[in-house]
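User: I would like a close look at a single part of this model, with the terms spelled out as you go. Please begin with the strands and then work towards the helix packing.

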Amino acid sequence: MDLIPAPSSAVRRPDEDFPLDATTTLTAPPGLADAERWLRGTLSAATGLPLGPGRPGTGIELVLDDTLAAEAYRITVRPGHALLAAGGPAGALWAAQTLRQLLGPDAYRRSPLRREGWVLPGADIADAPRFGWRGALLDVARHFLPKSDVLRFVDLLAAHKLNVLHLHLTDDQGWRVEIKRYPRLTGRGAWRERSMVGYRSAQRRDDRPHGGYYTQDDLREIVAYAAARGVTVVPEIDVPGHTQAAVAAYPELGNTDVVDTAALGVWTDWGVSHHVLNASEETLRFFEGVLEEVLELFPSEFVHLGGDECPKEQWKDSAAAQARIRELGLANEDELQSHLIRHFDRWLAERGRRLIGWDEILEGGLAIATTPQGAPEAGASASGTEHPEAWGRSRAAVSSWRGFGGGIAAARAGHDVVMCPEQHVYLDHRQADGPDEPIPVGFVRTLEDVYRFEPVPAQLDEAAARHVIGTQANLWSEFADSARDLDYRAFPRLVAFAEVAWSELPAEPAERDYPGFERRLRGHLEVLDALGVEYRPVDGPHPWQRRPGVAGRPIEGPPPVR
């Protein structure tokens, strides 16, 4: 039973196998309807078996067990009966995913290759995740990804027990979410005249207009599809930087006393645009209107507001921005950015939601997180009736991307942290050295490097370490313009990351059994083949996966530890 991610415990019972046939049933209580529906639809498609409803104690049976945590499960397979006990709906979905793994790679097909010979191996499995946030960022702003590819990516996350899709919806190069009260955000901001090909130093361009956006119904569909598979979609709407597409659509959002914002278009370069939002009350009201519609589409506890890479040059040159700094009694431009972030932190908290942002939101000061007596502990889910602002504390969380330093500082200050340092888990970074790696950027991050990534820094004491609520791998799309390119960059490294996020591996990376993972991965590559994933082969890219002549930006040597 070479399961990925590795379960907490698994014992093979070779004399207790359960052959499946046309009489095999599938039963679940109403509270596990999503898992029952998904499992029946998936296994019936792959096996050709009907898996009709049956009686408790027979066939494949899903049950609730209130002694288990919400995402925990146990599987017991004996002749004629496979019992999947789960602490809640999420645990039942992960149990269902494990059951599919037990049936082998052919169970991942959408149509049966055979209708006989399906056997569940006798086993006792107990399992639960290490982290509550096990995420992957999908950047659909730089290169738009059609809805069908997003849904496919959700399936790939769920198959590996990853439970958060961080959907990066807006940036300088495109706005991808329909906002009905501001139609020009997609009418103008969703397409650019051309795209840069490869790293900007080569100044190579594709003069084909690029664009696309998701309607509100598209996003409702994505969110519902993901939820039915145990995946939460967390939207990202960037403020105050990475906003040239928004300013191009609504020029009054920019720093009009410094630049002719009416002449701006959606940015056609990669990198960080210097065209950022102004800090007026009118701009705050505009983005409150955006977020009102975003909250209706995405029921997630967290809403990501970026907050990263905001150049301050225009604010320094803007009389209006300087007057705003004086009006608010702020010290400088960093505190002006912090003012914007704190405003939306409070605004979201009043609506029972939580802000999460990149680690730059710590610059200029972020309210110290404190938990008064009777308030939920950090990391607890916020219900729609909670009002965290009444407790006098920030519940903002931090995505630590520039290394571990921001996450360490945030955790020590009482903020929840998702660890996603670029030096370790940016999967758009190159996988090997050498000329065949397509558009090579960043540090070499091999499959083994990702497997040995440890999300919780040793510098944190036990109390601060509890604020590391999870980890996330990020897929930025400047150099990945299709699902095929994303497949290549994500897999099989995302498989290794999934085990880091789920399994209780040794905290010391050198002590992890990488050869054992490699052995299990060899069989798992057949699962990826069955799912149609165009992963990077172990010995290097296929000819059609290369991009000869397209410049990248490789960084030599090992990544710094910071």
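Analyst: Two strands pair if DSSP finds at least two bridges between them, and the elements themselves are DSSP runs numbered from the N terminus, helices being H or I over at least four residues and strands E over at least two. The model is predicted, so local features need pLDDT of at least 70 and side-chain atom pairs count only at pLDDT 80 or more, while totals for chains, interfaces and linings use all residues. Residues are numbered from 1 along each chain as its sequence is written, and side-chain values use heavy atoms, with hydrogens and water left out.

Consider strand 19 (residues 354-358), which has a parallel partner in strand 18 (residues 302-306), joined to it by three bridges; here His304 stands opposite Ile356 of strand 19. Strand 19 is likewise joined by three bridges to strand 20 (residues 397-400), again in parallel, and there Gly357 has Val398 of strand 20 as its bridge partner. Because five of the five residues of strand 19 are buried, this strand is largely enclosed by the rest of the structure, where buried means under 20% relative accessible area, exposed over 50% and partly exposed in between (1.4 Å probe, protein chains only).

A second group of strands forms an open sheet of six, in the order 1-8-5-6-4-3 and with mixed pairing. Its edges are strand 1 (9-12) and strand 3 (26-27), each of which pairs on one side only. Strand 1 runs antiparallel to strand 8 (residues 123-127) over four bridges, and Ser9 has Ala126 of strand 8 as its bridge partner. Helix 2 (residues 89-102) lies across strand 4 (59-64), strand 5 (73-78), strand 6 (81-86) and strand 8, and runs at about 40° to strand 5; such angles, from 0 to 180 degrees, are taken between the N-to-C directions of axes fitted as lines to C-alpha atoms, for helices over the stretch in contact.

Turning to the helix packing, the axes of helix 16 (residues 493-502) and helix 17 (residues 514-531) come within 11 Å and cross at roughly 120°. The two helices are therefore oblique to each other, since angles under 35 degrees count as roughly parallel, over 145 as roughly antiparallel, 65 to 115 as roughly perpendicular and the rest as oblique. In this contact (heavy atoms within 4.5 Å), Val495, Ala496 and Glu499 of helix 16 meet Phe517, Arg520, Leu521, His524 and Leu528 of helix 17. By class, these are five nonpolar, one polar and two charged residues, with Ala, Val, Leu, Ile, Met, Phe, Trp, Tyr, Cys and Pro counted as nonpolar, Asp, Glu, Lys and Arg as charged, and the others, Gly among them, as polar.

Helix 16 is itself largely enclosed by the rest of the structure, because 10 of its 10 residues are buried; among them are Arg493, Phe497, Glu499 and Trp502. On the other side of the contact, Arg520 is found in helix 17 and is buried, with a relative accessible area of 11%. Leaving aside neighbours within four places in sequence, Arg520 is in contact with Glu499, and also with Asp2, Leu3, Ile4, Ala6 and Tyr451.
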